Amino acid sequence: MGSVRAKKHLGQHFLNDKNAAQRIVEALTPSLGFKQVLEVGPGMGVLSDFLLQNKEYETFLIDVDDESIEFLADKYPELDNRLIHGDFLNLDFNQYFGDKMAVIGNFPYNISSQILFKVLEERNRVVEMVGMFQKEVAERCVAKPGNKEYGILSVFLQAYYDVSYLFTVKAGAFNPPPKVLSGVMRMVRNNRETLDCDEKLFWRVVKAGFNQRRKTLRNALSAVVPKDRMSDNPLYELRAERLSVKDFEALTNEIAAKL
């Protein structure tokens, strides 16, 4: 069956530590009610081997790499149309998945943020995500207000998911070894169906606040709402990194009333 050559332009670093792979797969929680799991970037199938052993859910694989798809089709002929040759970022979830599913993967580090935003787009379907990211990206996702790692991703993800850091994986567990440590995290959908504010404005406020994160929000948000319309709300005197999701919702509602 041969093997697949890791391609730098696709950000491929194949996990070859089976213990780590098993821990990642076992972090999935089928009791959340999903019956379908999508693995992103399976490479040569080190996670897939464990996923396909579990009969509580149906496993789907998606890879953009021609060579990986050929390898996986040979290795898992039983997958048939559950082996998807395509780009996860452009995937039409309606074509394959019902109302509850999970996403898992050793994700390509060069598109990790885009992958997370794609999951956010599908948040009413993706009830859980477990995956490997560059350690600093995973730490950013789980960071709490007041932490220097806390940023746009932290707020957006934590608005809709309970996010937790599971464990660290060293570079030697991969082929080829990345130049960074890797971190595995889990996201479980919370009960918030919609935000308690205008969602589009919320995203604008959060992005504007963190794009000038060294400034207080009174200065950082002046492009969103003129300063002369800002109240004496003490939140304006803080930097974005100090605000929780609830704080950002409250500020968004106040700004909406001024626009």
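## Strands β2, β3 and β4

Leucine 38 sits across from phenylalanine 60 of β3. This is a predicted model, and that pairing is a handy way into it. The strands involved are β2, residues 36–40, and β3, and they run parallel with five bridges between them. Getting from β2 to β3 takes the chain through helix α2 (residues 46–51), and the three elements form a right-handed β-α-β unit.

On to the next neighbour: β3 also pairs with β4 (residues 83–85), again in the parallel sense, through three bridges. Here isoleucine 62 is the residue facing isoleucine 84 of β4. The connection between β3 and β4 goes by way of helix α3, residues 66–75, and this β-α-β crossover is right-handed.

How much of β3 is buried? Five of its six residues (58–63) are, so the strand is largely enclosed by the rest of the structure.

## Aspartate 80, in the loop before β4

Between α3 and β4 there is a loop, and aspartate 80 is part of it. Its phi is near 50°, a positive value in a residue that isn't glycine. Aspartate 80 has a relative accessibility of 63%, so it counts as exposed.

## Lysine 7 and its acidic partners

Back up the chain, lysine 7 belongs to the segment that comes before β1 (14–15). Buried or exposed: where does lysine 7 fall? Its relative accessible area is 8%, and since the cut-off for buried is under 20%, lysine 7 is buried.

The side chain of lysine 7 has polar company. It makes a polar contact of 3.0 Å with the side chain of aspartate 65, and another, at 2.7 Å, with the side chain of glutamate 67. Leaving aside residues up to four places away in sequence, lysine 7 touches Gln12 as well as Asp65 and Glu67.

## Asparagine 106 at the end of β5

Strand β5 covers residues 101–106, and asparagine 106 is in it. With a relative accessible area of 13%, asparagine 106 is buried. Its side chain has a polar atom 2.8 Å from the backbone oxygen of histidine 13.

Which residues does asparagine 106 touch, not counting those up to four places away in sequence? The list runs His13, Phe14, Leu15, Val40, Gly41, Leu47, Met132 and Phe174. There's also a pairing with glycine 43 to look at: the two residues are 63 apart in sequence, and their C-alpha atoms are 9.0 Å apart in space.

## Glutamate 139 and alanine 256

Glutamate 139 is in helix α5, which spans residues 135–142. A relative accessible area of 30% makes glutamate 139 partly exposed. Again setting aside residues up to four places away in sequence, glutamate 139 touches Glu149 and Tyr165. Between the C-alpha atoms of glutamate 139 and proline 77 there are 37 Å, with 62 residues separating the two along the chain.

Further along, alanine 256 is in helix α9 (residues 245–258). Alanine 256 is partly exposed too, with a relative accessible area of 36%. Pair it with leucine 52, which is 204 residues away along the chain, and the C-alpha separation is 48 Å.

## A cis proline

If you're scanning omegas, stop at the peptide bond that runs from asparagine 175 to proline 176: it is cis, with omega near -5°. Proline 176 is in the loop connecting β8 (174–175) and β9 (182–189).

## The whole chain

Zooming out, the protein has nine helices and nine strands. Its radius of gyration is 20 Å, close to the 18 Å expected from the globule rule for 259 residues, so the protein is as compact as a globular protein of that length. The C-alpha trace spans about 70 × 40 × 30 Å along the principal axes.

What share of the 259 residues is buried? Buried residues account for 51%. As for contacts between residues at least 6 apart in sequence, 66% of them join residues at least 24 apart.

UniProt, in an unreviewed entry, lists residues 20–191 as "domain: Ribosomal RNA adenine methylase transferase N-terminal". In the model, that stretch is 29% helix and 28% strand, and its end C-alpha atoms are 30 Å apart.

Terms used:
Residues numbered from 1 in each chain as written. Predicted model: local features only at pLDDT ≥ 70, side-chain atom pairs only at ≥ 80, totals over all residues. Heavy atoms only, no water. Buried < 20%, exposed > 50% of the residue type's maximum accessible area, 1.4 Å probe, protein only. Helix = DSSP H or I, 4+ residues; strand = E, 2+ residues; numbered from the N terminus. Pairing = 2+ DSSP bridges. Right-handed = clockwise from strand over helix to strand, strands pointing away. Polar contact = N/O pair within 3.5 Å; in protein donor to acceptor, adjacent residues only side chain to side chain. Contact = heavy atoms within 4.5 Å. UniProt positions renumbered as here; feature names shortened; annotations may be inferred. Rg over C-alpha atoms; globule rule 2.2 N^0.38 Å.
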